[in-house]
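Here are a few exercises to work through with the model open beside you. Try each task before you read its solution.

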Amino acid sequence: MDATLRRGTILEVITQSNVPISASTLAKKLNVSRQVIVGDIALLRAQGHEIVATARGYMMPEFREPNQYIGKIACCHSAENTKEELYTMVDLGAIVMDVIIEHDLYGEITGQLNIKTYDDVDIFIDRIKSSEIKLLSELKSGVHLHTIACRDKGHFEQISHALSAAGFLIQN
């Protein structure tokens, strides 16, 4: 299969999937190395295709509900509290879209999460535990932002209150 056809297939597979697709899965399907897939994704992005990389794989950006409220929350906690923080948000029905830190050299760094369920949280936490990868928040002594998708502003405030009660929000 030539590179152009392979990239078209990658785009088709990701577009038709409701769940993230890992580079390893794509590599097996297309009989190439994982690194070839990573390069193909980079080229597809450079061509203007909006492909999101999450901890579970590649996906197309999700369409937002018309009245959905998107907000940012400022948090600070230890790495050990990450699971509880994420569980708090998904338990109340939020989608944790990303994590953001302000890096001294690079400025704002964003990591795509797309965490919606307990299973998503567990997979994310298991990946951290099974590797030597550090959380972005660990680069800034636990300080980070999350972009979260909520039903409306009241739902966002409910989630903010729960995170504050748990001691995860940075207070004014």
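**Exercise 1. Find which residues of helix H2 meet which residues of H3, and classify the contact.**

*Solution.* Step one: on the H2 side, look for Ala23, Ser24, Leu26, Ala27 and Leu30, which meet Arg34, Ile37 and Val38 of H3; contact means heavy atoms within 4.5 Å. Helices (H or I, at least four residues) and strands (E, at least two) are DSSP runs, numbered from the N terminus.

Step two: by class, this contact has six nonpolar, one polar and one charged residues. Ala, Val, Leu, Ile, Met, Phe, Trp, Tyr, Cys and Pro count as nonpolar, Asp, Glu, Lys and Arg as charged, and the others, Gly among them, as polar.

Step three: the axes of H2 (residues 23-30) and H3 (residues 34-46) come within 8 Å and cross at roughly 105 degrees. Axes are lines fitted to C-alpha atoms, for helices over the stretch in contact, with angles from 0 to 180 degrees between N-to-C directions. The two helices are therefore roughly perpendicular, the term for 65 to 115 degrees.

A note on the source: this is a predicted model, in which local features need pLDDT of at least 70 and side-chain atom pairs count only at pLDDT 80 or more, while totals for chains, interfaces and linings use all residues. Residues are numbered from 1 along each chain as its sequence is written, and side-chain values use heavy atoms, with hydrogens and water left out.

**Exercise 2. Work out which strands pair with S6, and whether S6 is largely enclosed or not.**

*Solution.* Step one: S3 (residues 69-76) runs antiparallel to S6, joined by eight bridges; strands pair if DSSP finds at least two bridges between them. Lysine 72, for instance, has threonine 147 of S6 as its bridge partner.

Step two: S4 (residues 95-103) also pairs with S6 in the antiparallel sense, over five bridges. Here isoleucine 95 is partnered with alanine 149.

Step three: six of the eight residues of S6 (residues 143-150) are buried, so the strand is largely enclosed by the rest of the structure. Buried means under 20% relative accessible area, exposed over 50%, partly exposed in between (1.4 Å probe, protein chains only).

**Exercise 3. How many disulfides are there?**

*Solution.* Step one: apply the rule, a pair of cysteine sulfur atoms within 2.5 Å. The count is zero.

Step two: for cysteine 76, the nearest cysteine sulfur is that of cysteine 75, 8.7 Å away. Cysteine 76 is partly exposed, at 30% relative accessibility.

Step three: the sulfur of cysteine 150 is 12 Å from its closest counterpart, in cysteine 75, too far for a bond. Cysteine 150 is buried, at 2%.

How values were computed
Angles under 35 degrees count as roughly parallel, over 145 as roughly antiparallel, 65 to 115 as roughly perpendicular and the rest as oblique.
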